[in-house]
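Work through the two exercises below with the sequence and the coordinates at hand, and try each task before reading its solution.

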Amino acid sequence: MIGWGALALLGATALGVVATTRGEHVNALWIVTAALCTYFIAYRFYGRFIATKVLGIDPGRPTPAVRRADGLDYVATDRRVLFGHHFAAIAGAGPLVGPVLAAQMGYLPGTLWILAGVVLAGAVQDFCVLFISMRRDGRSLGELVRMEMGVVPGIIALIGAFAIMVIILAVLALIVVRALAESPWGLFTVTMTIPLAILMGCYTRWLRPGRVGEVSVLGIIGLLAAIVLGGQVAASSWAPFFTLTPVQLCFALIGYGAVAALLPVWLLLAPRDYLSTFLKIGAIVALALGIAIMAPPLRMPALTPFIHGGGPVWSGTLFPFLFITIACGAVSGFHALIASGTTPKLIASEGDAPFIGYGAMLAESFVAIMALVGASILDPGLYFAMNSPAAIVGVTPDSAAAAVTAMGFPIDAATLVQTARDVGEHTVISRTGGAPTLAVAMAEIFSHVVGGPAMKAFWYHFAILFEALFILTAVDAGTRAGRFMLQDLLGLVSPRFRDGEAWGPGLVATFLCVGAWGFFLYQGVTDPLGGVNTLWPLFGISNQMLAAVALVLATVVLFRMKRARYAWVTTLPAAWLVACTGTAGFQKLFHPDPAIGFLAHASKFGAALAEGRVLAPAKSLDQMARVVMNDRIDAGLCALFLGVVAAIVIYGIRACIAANAVSTPTVTETPMTEAVA
Amino acid sequence: MSLFALIAETARSMVGVPSYAAYRAHMAEHHPDAAPMDQVAFFRDRQQARYGGKGGGRCC
């Protein structure tokens with residue numbers, strides 16, 4: 001107990017330093033220390049409280065892995081191994097990008113939300129959904145909502161999950177486009193991963209089947225060679241072949257998505273998943289070590305004037321937009337799909353559930369903290385020059401330096417030129433989307449530890465490759481998953497679509513899915529404000545919406561278990577998320593400022609269009625009409641998300657009232673006494 | 001489990017390759033009459049299960 005007291009004191013001191021220091025640079029290790037102390041204490045006390053008191057975890061109760069053991073899908077797995085499995089599935093690009101974007105308000109708001117959000121909302125959600133699925137044979141989120149809340153809410157949750165999938169794929173693809181456009185080095189390196197993965201696929205198929213470790217080592221050697229080669233290609237006469245505009249890259253990605261999702265999985269998807277997973281874990285560990293060794297000071301202020309709105313990276317005020325900009329890392333609804341996927345079928349004992357459900361989410365939160373630290377150690381002038389749309393800072397070093405200096409973050413043009421040269425790029429101006437910023441930060445940290453300034457360009461492209469690689473894997477796997485979700489939904493209307501193996505429906509559903517995210521990607525790429533501005537808030541709203549759905553489900557289950565006295569554990573974060581997504585969604589729809597509200601933007605451009613005027617940044621009446629249509633589609637999507645949340649909340653309240661009226665538990669858990677298979 | 005074996009198994013589990021030894025143990029214990037898949041068939045079966053169907057979800 002004395003140890004825990006000391007840990008609490010250390011954490012409180014670190015948080016105090018982070019929160020109150022002004023005017024001088026705080027060392028990044030204070031944030032790291034505050035975060036780690038928070039995690040340990042939250043896991044030991046709040047996690048255990050949820051396990052024993054709220055959910056009533058029973059280590060003696062057989063889990064699906066025990067009752068339905070088949071050696072394939074249901075396997076009792078060592079908790080440490082399963083932690084890795086679960087963490088690898090939940091940690092993606094989200095916790096890396098969101099905090100980088102959120103740094104426009106300073107490091108403090110993001111840090112506090114990541115820590116408070118994960119402890120009280122994110123980890124609670126993951127843990128509860130894992131628990132609910134574990135008690136129901138490892139069923140998926142949609143089925144769980146149907147079992148506990150009814151058929152209609154189940155369908156609503158499925159529609160919500162599909163919509164979020166589309167937006168996630170679009171925004172991830174947009175980040176890749178922003179990172180690789182006009183960057184021959186980056187594009188060559190990432191393109192090389194396709195033949196490399198195919199070679200690996202053939203190796204594991206025919207040459208040495210199943211030797212995953214072996215082929216991954218070979219693959220990673222190939223990747224490093226591709227990075228080195230990329231530098232030479234970019235300096236050679238081949239460079240123009242790998243210098244694509246954003247629109248060209250957009251169509252290349254859409255075509256790639258459609259083809260990749262139809263190829264056999266062993267050929268491209270599986271081997272690239274090996275590469276991206278191991279590279280991701282390696283890069284995360286390296287980043288943690290790098291930050292610990294370098295102990296960099298945070299150059300971003302604790303708070304910037306943009307907390308009141310008007311920021312160039314994304315629009316709107318701190319509440320509600322910070323809380324949807326940082327989704328993954330604080331609370332991510334998408335995890336509800338993972339926690340009700342393979343993990344509940346692999347848990348050996350209910351006693352492992354807090355470690356897997358609550359613990360892995362804390363680890364993901366730590367990734368988000370590192371990303372925030374990365375963005376905050378850069379010169380704020382550089383940060384804003386990189387993350388502001390070209391419509392605001394222009395495209396030349398002089399215009400960018402002048403615009404960013406006018407924002408109150410002085411920087412000179414020479415620094416911008418030198419930074420671009422250091423990392424081997426033509427320009428760093430308006431490289432929005434978060435990935436290039438994080439890559440510059442990682443290059444800074446890694447080159448400090450290994451190689452010095454000469455290695456910066458290598459590390460920059462290593463970081464870009466690592467981000468692009470797992471985004472491409474997510475695009476590929478997500479398109480396949482989206483295809484099955486869509487077939488399930490279309491199957492409700494036309495049963496022919498249900499057949500997962502049939503060729504025709506699969507093709508139709510794949511193209512519909514690619515078309516859906518491709519549409520939003522194209523819209524984002526051609527958006528003069530950079531697209532991240534529009535798509536990231538939509539992504540955040542949809543992700544937090546799904547989290548609200550999952551927490552409402554958990555609340556209903558608690559009521560039906562007759563544990564309503566503990567329902568505040570899930571109700572409070574659910575209410576907070578409903579408030580954030582509701583306010584954000586409402587503002588995105590109806591805010592009078594065209595920079596925030598879709599409808600205000602549509603009517604501003606619509607009015608000008610009616611008079612035949614062209615408003616910047618559109619260049620023709622055609623583009624004007626497209627801007628208006630995009631605004632209306634975005635508004636429709638936003639309204640759909642709000643509708644999903646509202647419907648689920650209403651159904652949830654009804655289910656809770658119904659459960660309260662009955663004096664015995666009404667949950668539909670798999671009975672403990674069912675014969676052991 | 002030795003540290004190396006633990007790391008290797010965790011790494012395989014991260015990319016959805018479960019333990020073949022655990023599968024053989026299960027088959028030997030519960031289905032001694034059925035012929036188990038060999039290691040290559042097992043690997044292909046699990047690869048298809050992870051990526052080919054509905055279990056392919058991964059986070060943003």
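**Exercise 1: a helix and its cover**

Task: Find which helices of chain A cover the buried residues of α11(A).

Solution: The cover, judged by contact (heavy atoms within 4.5 Å), includes α8, α9, α12, α21 and α22 (503-526) of chain A, where helices are DSSP runs of H or I with at least four residues, numbered from the N terminus. The model is predicted, so local features need pLDDT of at least 70 and side-chain atom pairs count only at pLDDT 80 or more, whereas totals for chains, interfaces and linings use all residues. Side-chain values use heavy atoms, without hydrogens and water, residues are numbered from 1 along each chain, and chains are lettered from A in the order in which they are written. Next, list what is covered: the buried residues (under 20% relative accessible area, 1.4 Å probe, protein chains only) include Leu249(A), Leu253(A), Tyr256(A) and Ala260(A).

**Exercise 2: the interface**

Task: Describe the contact of chain A and chain B, beginning with how many residues each chain gives.

Solution: Chain A gives 45 residues and chain B 32 residues. The buried area (accessible area, 1.4 Å probe, lost on putting the two parts together, summed over both) is about 3300 Å², with 67% from carbon and sulfur atoms. On the side of chain A, Leu72(A), Val81(A) and Phe484(A) lose the most area to chain B, together 17% of what that side buries. Finally, the rule for salt bridges (a side-chain nitrogen of Lys or Arg within 4 Å of a carboxyl oxygen of Asp or Glu) finds two across this interface; Arg50(B) forms one with Asp273(A), the closest N and O atoms being 3.0 Å apart.

Note on methods: Helices (H or I, at least four residues) and strands (E, at least two) are DSSP runs, numbered from the N terminus.
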